[in-house]
Amino acid sequence: AFRHENEVRAVVFEPPRGDKPAKATFRLKVKTRWLIDNILIDPRAPDEYVQAYQHYLIDRLEFPGYVGKSALYSNDGMLEAGPGT
């Protein structure tokens with residue numbers, strides 16, 4: 001069900017240097033508009049919740065992609081039970 005996410009994760013390993021322990025955190029500059037095509041919100045979320053995110057992400061932050069509810073649990077007709085099932 002989540003194959004469409006095409007998720008990518010990065011793992012950073014910084015070994016200790018001499019007596020210095022590895023850093024617990026680090027900063028990384030990322031141009032999120034290059035990484036994120038669209039934002040899908042939980043399909044069970046109330047419409048008001050989705051509208052608030054759409055307003056903030058699109059109108060305030062100028063996110064260029066699609067922001068809306070996921071269709072993960074929608075019934076597109078392919079999973080309907082047939083007669084006698």
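Me: Let me start with one residue: is Lys69 buried, partly exposed or exposed?

Reply: Lys69 is partly exposed, with a relative accessible area of 30%. Do keep in mind that this is a predicted model.

Me: Then how far can I trust the prediction, and what is the mean pLDDT of the protein chain?

Reply: Look at the confidence for the chain, then go element by element. The protein chain has a mean pLDDT of 79, and 82% of its residues reach 70 or more. Among the elements, helix α2 (residues 47-60) has the highest mean, 96, and helix α1 (residues 32-35) the lowest, 77. Over residues 77-85 the pLDDT is below 50, and beyond near neighbours in sequence that stretch has 1 contact in the model.

Me: Which pattern do the helices and strands follow along the sequence?

Reply: Reading along the sequence, you meet α-β-α-β. That gives 2 helices and 2 strands in the protein chain. Helix α2 has 14 residues and spans 19 Å from its first C-alpha to its last, close to the 20 Å expected at 1.5 Å a residue. Just after α2, Glu62 takes a positive phi of about 60°.

Me: How should I read a nonpolar core, and which residues make up the largest one here?

Reply: The general idea is that in soluble globular proteins, nonpolar side chains tend to be buried together. In this model the largest nonpolar core has 6 residues: Ile41, Ala45, Val50, Leu57, Phe63 and Val67. Pick out Val67 and follow its contacts: leaving aside residues up to four places away in sequence, Val67 touches Ile39, Ile41, Tyr53, Gln54, Leu57 and Ile58. Across the whole protein chain of 85 residues, 11% are buried.

Me: What about charged side chains: how many salt bridges are there?

Reply: As a general idea, side chains of opposite charge can pair when their charged atoms come close. The count here is 2 salt bridges. One joins the side chains of Arg44 and Asp42 at 2.8 Å, N to O. Of these partners, Arg44 counts as exposed at 61% relative accessibility, while Asp42 is partly exposed at 33%.

Me: And which side chains meet in the salt bridge of 3.1 Å?

Reply: Those of Asp47 and Lys69. This pair links distant parts of the chain, with Asp47 in helix α2 and Lys69 in strand β2 (residues 66-69), 22 residues apart. Asp47 is partly exposed, with a relative accessible area of 47%.

Me: What else does Lys69 touch, not counting residues up to four places away in sequence?

Reply: Its contacts include Leu40, Ile41, Pro43, Pro46 and Val50. Ala45 is also touched by Lys69, and the side chain of Lys69 reaches the backbone oxygen of Ala45 at 2.8 Å. Lys69 and Ala45 are 24 residues apart in sequence, yet 7.8 Å apart in space, C-alpha to C-alpha. For the whole chain, among contacts between residues at least 6 apart in sequence, 62% join residues at least 24 apart.

Me: Moving on to Ser70, is that residue buried or exposed?

Reply: Ser70 counts as buried because its relative accessibility is 17%, and the cut-off for buried is under 20%. You will find Ser70 in the segment after β2. The side chain of Ser70 reaches the backbone nitrogen of Leu72 at 3.0 Å. Not counting residues up to four places away in sequence, Ser70 touches Leu40, Ile41 and Pro43.

Note on methods: Residues are numbered from 1 along each chain as its sequence is written. This is a predicted model: local features need pLDDT of at least 70, side-chain atom pairs count only at pLDDT 80 or more; totals for chains, interfaces and linings use all residues. Side-chain values use heavy atoms; hydrogens and water are left out. A nonpolar core is a set of buried Ala, Val, Leu, Ile, Met, Phe, Trp, Tyr and Cys residues joined through side-chain atoms within 4.5 Å. Buried means under 20% relative accessible area, exposed over 50%, partly exposed in between (1.4 Å probe, protein chains only). Contact means heavy atoms within 4.5 Å. pLDDT is the predictor's confidence in each residue, from 0 to 100. Helices (H or I, at least four residues) and strands (E, at least two) are DSSP runs, numbered from the N terminus. A salt bridge is a side-chain nitrogen of Lys or Arg within 4 Å of a carboxyl oxygen of Asp or Glu. A polar contact is a pair of N or O atoms within 3.5 Å; within protein, one must be able to donate a hydrogen and the other to accept it, and residues adjacent in sequence count only if both atoms are side-chain atoms. The expected span of a helix is 1.5 Å times one less than its number of residues.
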